[in-house]
Amino acid sequence: LTINGSTIQTTSTGSFLYGIKAADTENASGGKLIIEGDSSSVSGVDGIYGGYTNSGTASENEVTISAGTVTLSVGVPDIVGGLTLDGTASNNKVNIKGGKITAAGSIEGGAGTSASGNQVNISGGTVKAGTDIIGGYSAGSGTSDTASGNSVSINGDDATAAVTANTIIGGQSDSTTASGNSVAISKGTGTGDAPTVTAASI
């Protein structure tokens with residue numbers, strides 16, 4: 001799904017945008033949701049997901065925002081590269097290169113009972129998360145439900161980034177294990193200045 005120069009606005013609850021939405025037990029893989037174009041505007045939806053499944057695996061899905069205005073006010077996980085409610089989320093990405101993004105809830109690379117190799121990459125734009133920015137989130141309660149190898153990167157590769165969040169976390173696990181996760185903040189190698197980051201904790 002690509003949004004370029006369009007306006008999407010709704011006041012209905014339970015409205016979502018998906019790159020791909022799999023059937024309940026099917027895997028969601030390779031979904032892409034792209035928002036580009038300065039005149040693009042998205043508001044009122046509850047969430048933006050590159051890939052979504054109830055109980056399959058969510059892998060290699062992406063949300064990319066390079067321009068426009070995105071305003072989400074519900075407070076659920078608002079922008080997620082790949083989301084599964086009961087399965088593993090791996091190698092999903094949220095890429096923010098520009099635009100103005102305001103989310104009442106969180107921005108997450110990937111989320112599932114286990115999460116590995118998921119990324120949030122912010123290389124430009126104004127980004128405000130009402131709660132957290134998380135590379136990968138493991139919501140499972142079992143001992144095998146882990147968050148590993150997830151990351152958040154904030155830099156100036158595409159433009160100067162301004163980021164505000166409550167917490168910025170490479171990987172979070174609700175069970176016992178979070179390992180090999182990272183947060184990196186740098187000027188980058190592009191045209192943007194060093195990013196401005198405001199967070200209660202990183």
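Q: What makes Phe16, Tyr18, Tyr49 and Tyr52 a cluster?
A: In this predicted model, ring pairs link Phe16, Tyr18, Tyr49 and Tyr52. The count of aromatic pairs comes to 5.

Q: Why is the pair of Tyr18 and Tyr49 called tilted?
A: Their ring centres are 6.0 Å apart and their planes stand at 50 degrees. Rings pair if their centres lie within 6.5 Å, and planes that are neither under 30 degrees nor over 60 degrees apart count as tilted, so the name applies. Tyr18 lies in strand E3 and Tyr49 in strand E7 (residues 47-53), so this pair ties together parts that are 31 residues apart in sequence.

Q: What makes the rings of Tyr18 and Tyr52 a tilted pair?
A: The centres are 5.6 Å apart, within the 6.5 Å limit, and the planes at 50 degrees fall between the stacked and edge-to-face ranges, so the pair is tilted. Tyr18 is in strand E3 and Tyr52 in strand E7, so the pair ties together parts that are 34 residues apart in sequence.

Q: How do you know whether Tyr49 and Tyr52 are buried or exposed?
A: Buried means under 20% relative accessible area. Tyr49 has 4%, so Tyr49 is buried. Tyr52 has 12%, so Tyr52 is buried.

Q: Why is Asn91 called partly exposed?
A: Its relative accessible area is 40%, which lies between the 20% and 50% cut-offs, so Asn91 is partly exposed. Asn91 sits in the loop between strand E12 (88-90) and strand E13 (93-96).

Q: What makes the phi of Asn91 worth noting?
A: Phi of Asn91 is near 60 degrees, a positive value in a residue other than glycine. Most residues other than glycine have a negative phi.

Technical notes
Residues are numbered from 1 along each chain as its sequence is written. This is a predicted model: local features need pLDDT of at least 70, side-chain atom pairs count only at pLDDT 80 or more; totals for chains, interfaces and linings use all residues. Side-chain values use heavy atoms; hydrogens and water are left out. Helices (H or I, at least four residues) and strands (E, at least two) are DSSP runs, numbered from the N terminus. Buried means under 20% relative accessible area, exposed over 50%, partly exposed in between (1.4 Å probe, protein chains only).
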